[in-house]
Amino acid sequence: MEFIDFIHNLNKEDKNIYEKYSEIRGFQQYKIIFETLKKKDPNVSFKEVNSFIIFDKAIKDVLFKYLATLEEYIRNDVILRFDFAPNEKIVKEEYHYLKQLPKCIKKNNPLYEITEFYKRFALNFGDLVSFLEKYDSDTYDINLLKNIVDLRNDVMHHTPLLFSFNYESLTKITLKRIDDLISLLPDRYKKGCLTELKNKNEITRKSISKSYYSFLLFDWGDFNVWICLYKWVKRFKKEI
């Protein structure tokens with residue numbers, strides 16, 4: 001069945017749901033999910049397509065919170081350990097881009113000191129990672145941070161996380177980026193992030209056919225998922 005026929009044949013209730021949310025989520029996203037699921041099993045229902053629409057949004061809502069947590073954590077760490085180099089000309093009220101930022105030096109600032117660096121350092125997350133690559137590459141794994149920048153961009157720009165424009169699964173790529181995010185989160189946030197994602201995953205699993213389990217974040221038959229979960233469990237045990 002073609003997508004246009006799939007939509008045309010919806011019952012009244014499903015048609016109302018589609019018309020209500022497609023304007024927000026995007027008509028294209030419904031088609032992308034439909035076409036991808038259809039390749040796995042042609043008997044795809046609107047409930048299953050819509051479940052993945054909801055799941056994609058739910059994943060982003062969870063990740064938004066934890067991406068912000070990581071960004072704040074790194075920013076505060078940088079503010080405590082860096083300052084503008086002496087004699088640098090400070091002209092902007094806030095610096096949002098690395099290329100505009102005056103030269104910086106490592107410096108252990110007192111916990112409660114409100115420095116000029118504190119007032120003016122406002123790099124976006126991508127430029128914050130570039131700052132670390134330039135000034136502090138030994139403290140953070142820059143490759144992991146670059147993967148997280150890609151994840152953050154997809155979340156912030158409302159790009160589908162589980163399905164590509166070419167009707168292919170993005171689950172393994174997204175799961176790897178989530179793994180990188182969890183690995184860099186402060187320890188007390190790791191378990192919460194994983195638990196929230198697993199809960200959203202379980203809600204979706206109950207709404208779809210087994211044929212489509214492989215498109216979930218956590219498909220219990222996927223060896224790659226077990227590898228990620230094993231790594232996460234090992235991290236959590238270290239906290240106990």
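The exercises below, each with a worked solution, go through the fold, the helix contacts and several single residues of a predicted model.

Residues are numbered from 1 along each chain as its sequence is written, and side-chain values use heavy atoms, with hydrogens and water left out. Because the model is predicted, local features need pLDDT of at least 70 and side-chain atom pairs count only at pLDDT 80 or more, whereas totals for chains, interfaces and linings use all residues.

**Exercise 1. Describe the overall make-up of the protein chain.**

Begin with the secondary structure, which comes to ten helices and two strands; helices (H or I, at least four residues) and strands (E, at least two) are DSSP runs, numbered from the N terminus. Next, place these elements in order, which gives the pattern α-α-α-α-β-β-α-α-α-α-α-α along the sequence. Then take the extent of the C-alpha trace, which spans about 70 × 40 × 25 Å along its principal axes. Finally, turn to burial and contacts: buried residues make up 47% of the 240 residues, where buried means under 20% relative accessible area, exposed over 50% and partly exposed in between, with a 1.4 Å probe and protein chains only. Of the contacts with a separation of 6 or more, 70% come from residues 24 or more positions apart, a contact being heavy atoms within 4.5 Å.

**Exercise 2. Work out how helix 4 packs against helix 8, and which residues make the contact.**

First take the geometry: helix 4 (residues 46-81) and helix 8 (residues 171-184) pack at an angle of about 45°, with their axes 10 Å apart. Axes are lines fitted to C-alpha atoms, for helices over the stretch in contact, and angles run from 0 to 180 degrees between N-to-C directions. Helix 4 is therefore oblique to helix 8, since angles under 35 degrees count as roughly parallel, over 145 as roughly antiparallel, 65 to 115 as roughly perpendicular and the rest as oblique. The crossing is left-handed, that is, the near helix is turned anticlockwise from the far one by less than a right angle, a clockwise turn being right-handed. Now list the residues: helix 4 contributes Leu-63, Tyr-66, Leu-67 and Leu-70, and helix 8 contributes Ile-178, Leu-181 and Leu-184. By class, the residues of this contact are seven nonpolar, no polar and no charged, where Ala, Val, Leu, Ile, Met, Phe, Trp, Tyr, Cys and Pro count as nonpolar, Asp, Glu, Lys and Arg as charged, and the others, Gly among them, as polar.

**Exercise 3. Carry out the analysis for helix 2 and helix 4.**

The axes of helix 2 (residues 12-25) and helix 4 come within 12 Å and cross at roughly 30°, so helix 2 is roughly parallel to helix 4. Helix 2 passes helix 4 in a left-handed crossing. On the side of helix 2 the contact involves Asp-14, Ile-17, Tyr-18 and Arg-25, and on the side of helix 4 it involves Phe-46, Asn-50, Ile-53 and Lys-57. Sorted by class, this contact has four nonpolar, one polar and three charged residues.

**Exercise 4. Find the buried residues of helix 6 and what they pack against.**

Within helix 6 (residues 125-135), the buried residues are Phe-125, Asp-127, Leu-128, Val-129, Phe-131, Leu-132 and Tyr-135. These buried residues pack against helix 4, strand 1 (82-84), strand 2 (104-106), helix 5 (116-120) and helix 7 (142-156). To complete the picture, look at the N-terminal end of helix 6, where Asn-124 acts as a cap, with a side-chain oxygen 3.1 Å from the backbone nitrogen of Gly-126.

**Exercise 5. Place Phe-82 and Arg-120, and decide whether each is buried or exposed.**

Phe-82 is found in strand 1 and, at 1% relative accessibility, counts as buried. Leaving aside neighbours within four places in sequence, the contacts of Phe-82 include Ile-105, Phe-117, Phe-131 and Tyr-135. Arg-120 belongs to helix 5 and is buried, with a relative accessible area of 19%. Beyond residues up to four places away in sequence, Arg-120 touches residues including Phe-84, Glu-93, Glu-94 and Tyr-95.

**Exercise 6. Examine the phi angles of Asn-87 and His-158.**

As background, most residues other than glycine have a negative phi. Asn-87, in the loop between strand 1 and strand 2, has a positive phi near 70° and is exposed, with a relative accessible area of 81%. His-158, in the loop between helix 7 and helix 8, has a positive phi of about 60° and is exposed, with a relative accessible area of 58%.

Definitions and conventions: A polar contact is a pair of N or O atoms within 3.5 Å; within protein, one must be able to donate a hydrogen and the other to accept it, and residues adjacent in sequence count only if both atoms are side-chain atoms.
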